[in-house]
Amino acid sequence: MLVTKMGKKKSLFSKNKPFKWAIILFALIVGLPIGYYFYNGRLFRKYRGDFLSQFPTGYTNHGIDISHHQGKMDWELMFDDLGYDTLVQFVYCKATESIDHLDRQWGRNRKELTRLGIVHGAYHFFNGQKPPREQASHFLKHWSHRDIDLAPMLDVEIEGFSDEDLIAKMKIWLTVVEKETGFRPIIYCSNHYFETKFKNHFKNYKFLIAAYSREPSSFNDPRIIYWQFSEKGQMAGTNEFVDLNVGK
């Protein structure tokens, strides 16, 4: 403290304004990230206890799939701090789309999940109106097999010029990727697509089926190994909703 001639005590800050603002700036730079980390942890820590309550009963294999829509995932918070490694058995991340699009979070997600030792897989968002070989080449340019990988996944949500055209193009993509990697991909689609387009095809492939209103009536089909039951999952690591899956 400083003492003026009048005997009044005066703060050092009032004498040295640059020093005052330097202290404030330092506090903001250091304090805000720390505050956000603990706030975010407290805000979502409750999902650790409630995480399993979001899942249907009778399933012990739980997984999520994500893309850039979930933003920059805090994998450390999700798997290290909150112990989701004991709750989430698998993760699928979007890698590519069509013939030229790369998911902007793929590289980071791949690196972080590998570093943390989390089993994960990559998926390609298929465009049924684009050349399938070019799409396969685009996917393989950005994904190569590692020991930590699940089988690659083909995400089919866009119609082809006809069902026959779509199925033929899918078979080309699937064949090229399997030949190049030695891994037979699985197929992601809605329950409606499976029932109306694919049920009588792809006899030797496994499926992840999306059905949000009820368990797929075809879930007893041995080809269906995963059921995506929600697109509104909540968990630590992101403020956005996450797709939730269960497996047999």
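**Figure 1. Surroundings of Trp75 in the predicted model.** Leaving aside residues up to four places away in sequence, Trp75 touches Ile64, Ile66, Asp80, Val91, Arg108, Asn109, Glu112, Leu113 and Leu116. Trp75 also belongs to the largest nonpolar core, a set of 50 residues. Together with Ile64 and Phe198, Trp75 ranks among the residues with the most contacts inside this core. Helix 6 is the element that gives the most to the core, contributing 7 residues. Another core lies apart from it and has 10 residues, including Phe90, Met153, Tyr188 and Tyr226.

**Figure 2. Packing of helix 5 against helix 6.** Helix 5 spans residues 132–142 and helix 6 spans residues 163–181. Their axes are 8 Å apart and form an angle of about 35°. The crossing of the two helices is right-handed. On the helix 5 side, the contact is made by Pro132, Arg133, Gln135, Ala136, Phe139 and Leu140. Helix 6 brings Lys169, Ile172, Trp173, Val176, Val177, Glu180 and Thr181 to the contact. Sorted by class, the residues of this contact are 8 nonpolar, 2 polar and 3 charged.

**Figure 3. Salt bridges with partly exposed partners, Glu178–Arg184 and Glu195–Lys199.** Side chains of opposite charge can pair when their charged atoms come close. The side chains of Glu178 and Arg184 form a salt bridge with an N to O distance of 3.1 Å. Glu178 has a relative accessibility of 21% and therefore counts as partly exposed. Arg184, at 38%, is also partly exposed. In the second pair, the side chains of Glu195 and Lys199 meet in a salt bridge at 3.4 Å, N to O. Glu195 is partly exposed, because its relative accessible area is 30%. Lys199 counts as partly exposed at 32% relative accessibility.

**Figure 4. The salt bridge between Arg223 and Asp221.** The closest N and O atoms of Arg223 and Asp221 are 3.0 Å apart. Both Arg223 and Asp221 are buried. Elsewhere, Glu76, Glu112 and Arg115 are joined into one network by salt bridges that share partners. A search of the whole structure gives 10 salt bridges.

**Figure 5. Asn191 in helix 7.** Helix 7 covers residues 191–198, and Asn191 lies in it. With a relative accessible area of 11%, Asn191 is buried; the cut-off for this class is under 20%. Not counting residues up to four places away in sequence, Asn191 touches Ile209, Ala210, Ala211, Arg214, Pro216 and Ser218.

**Figure 6. Positive phi at Ser98 and Phe202.** Ser98 is not a glycine, yet its phi is positive, at about 55°. Ser98 sits in the loop between strand 4 (90–97) and strand 5 (101–102). The relative accessible area of Ser98 is 9%, so Ser98 is buried. Phe202, a residue other than glycine, has a positive phi near 50°. The loop that holds Phe202 runs between helix 7 and strand 9 (207–210). Phe202 counts as buried, because its relative accessibility is 4%.

Methods: Residues numbered from 1 in each chain as written. Predicted model: local features only at pLDDT ≥ 70, side-chain atom pairs only at ≥ 80, totals over all residues. Heavy atoms only, no water. Salt bridge = Lys/Arg side-chain N within 4 Å of Asp/Glu carboxyl O. Buried < 20%, exposed > 50% of the residue type's maximum accessible area, 1.4 Å probe, protein only. Axes fitted to C-alpha atoms, helices over the stretch in contact; angles between N-to-C directions. Helix = DSSP H or I, 4+ residues; strand = E, 2+ residues; numbered from the N terminus. Left-handed = near helix turned anticlockwise from the far one by under 90°. Contact = heavy atoms within 4.5 Å. Nonpolar A, V, L, I, M, F, W, Y, C, P; charged D, E, K, R; others polar. Core = buried A, V, L, I, M, F, W, Y, C linked by side-chain atoms within 4.5 Å.
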